[in-house]
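Please examine the structure shown below, and then follow the explanation from the chain as a whole to its helices and its aromatic rings.

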Amino acid sequence: MRDRVLYQAVYRVLYKIFDPKFIFDSYSSRNFKGTHAGVVRLQKFARQISKNYRIPAYALKCDIKKFFDSIDHEILLNIIFKSSKIDENTRWLITKIIKSFEKTDDKGLPLGNVTSQLFANIYLNELDQFVKRRLKQKYYIRYCDDFVILAKNKEELLNVLLEIKGFLSERLLLNLHENKVNIRKLQQGIDFLGYVVLPHRIVLRTKTKRRVYKKIMNLVGLLKAGKISKEDFSSSVQSYLGMLTHCKGETVRCNVINILTPELILFLLFVVSFLVCNKLYRLNELNIF
């Protein structure tokens, strides 16, 4: 608990310093960003560059190989300490935090720490600035170590890919995951953050749909065995149904409902109705209406 409090304190100080330096289209672990905002932004980019899918365009999608395990401590510290707003005591503390974990040879950050998410953004902001300023790519979007670039022709993306590989290798000591690098037409769909951006609609990734069905069936089994309460079950199912509000998911929603018993469906409807009424009551108390 003490470590978590410390990490949160460091995060709050560094976030204010570095977040204004990040590009707009970096969506991981930032206020008012996130996966859903990133997918919507990508859809907007796709419509813009293809003139609402009237002309051909392409998407380059990349993933960095073993990203968190490959972050070099010295490079990260040099990037952080370029800021003159960080005093000596804070520098000492940041160094202790970063050096407290290593995967191999002064490399690696622990997954899950709130500071690791920020350090990851600081590290890859170097890539963001390179792509935007040096390569002049307007339609670039990144979430953690996944990023997408859109262009009107495949040759441009192939050239950009070579430049990015060189920059990552020389400047950040990182490599792309070769099996997860692909260039495809926008009309084929862009697989990004659990969704697929298709012409004029967003759908759930097939693998994500299967995972949703499996999770809900497991929840039903746990509920029947008395290992979770109806309230916990309802909360989990609502989170999955909420995910479907961000895409075209009527079929998936119907399949989820079919998994449930009539009794559970009625209970869910009751909980949702109660939450809506409670929200309206609070808004009324605040004189919103």
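Among the contacts in the protein chain between residues at least 6 apart in sequence, 70% join residues at least 24 apart. The model under discussion is predicted. Its protein chain has 11 helices and seven strands, and buried residues make up 44% of the 289 residues.

The packing of helices may be followed from helix α4, which spans residues 73-81. Its axis and that of helix α5 (residues 88-99) come within 11 Å and cross at roughly 155°. An angle over 145 degrees counts as roughly antiparallel, and α4 is therefore roughly antiparallel to α5. The crossing of these two helices, α4 and α5, is right-handed. On the α4 side, the contact involves His-73, Glu-74, Leu-76, Leu-77, Ile-80 and Phe-81; on the α5 side, it involves Arg-91, Ile-94, Thr-95, Ile-98 and Lys-99.

Helix α4 also packs against α6, at an angle of about 85° and with the two axes 10 Å apart. Angles of 65 to 115 degrees count as roughly perpendicular, so α4 and α6 are described as roughly perpendicular to each other. Here Ile-75, Leu-76, Ile-79 and Ile-80 of α4 meet Phe-119, Ile-122, Tyr-123 and Glu-126 of α6. Leu-76 and Ile-80 are thus listed in the contact with α5 and again in the contact with α6.

How many aromatic pairs does the structure hold? There are six aromatic pairs, and two of them may serve as examples. The rings of Phe-67 and Phe-68 have centres 5.2 Å apart and planes at 65°, so this pair is edge-to-face. Both Phe-67 and Phe-68 are buried. In the pair formed by Phe-130 and Phe-167, the ring centres are 4.3 Å apart and the planes lie at 10°, so the pair is stacked. This stacked pair links distant parts of the chain, for Phe-130 belongs to helix α6 (residues 114-134) and Phe-167 to helix α7 (residues 154-172), 37 residues apart. Phe-130 and Phe-167 are both buried.

Aromatic rings may also be considered together with a charged side chain. Lys-33 lies over the face of Phe-24, at 3.4 Å from the ring centre. The charged end of Lys-33 also sits over the ring of Tyr-27, 4.8 Å from the centre of that ring.

Methods
Residues are numbered from 1 along each chain as its sequence is written. This is a predicted model: local features need pLDDT of at least 70, side-chain atom pairs count only at pLDDT 80 or more; totals for chains, interfaces and linings use all residues. Side-chain values use heavy atoms; hydrogens and water are left out. Rings of Phe, Tyr and Trp (its six-membered ring) pair if their centres lie within 6.5 Å; planes under 30 degrees apart count as stacked, over 60 as edge-to-face and the rest as tilted. Buried means under 20% relative accessible area, exposed over 50%, partly exposed in between (1.4 Å probe, protein chains only). Helices (H or I, at least four residues) and strands (E, at least two) are DSSP runs, numbered from the N terminus. A charge sits over a ring if NZ of Lys or CZ of Arg is within 6 Å of the ring centre and within 35 degrees of the ring normal. Axes are lines fitted to C-alpha atoms, for helices over the stretch in contact, and angles run from 0 to 180 degrees between N-to-C directions. Angles under 35 degrees count as roughly parallel, over 145 as roughly antiparallel, 65 to 115 as roughly perpendicular and the rest as oblique. A crossing is left-handed if the near helix is turned anticlockwise from the far one by less than a right angle, and right-handed if clockwise. Contact means heavy atoms within 4.5 Å.
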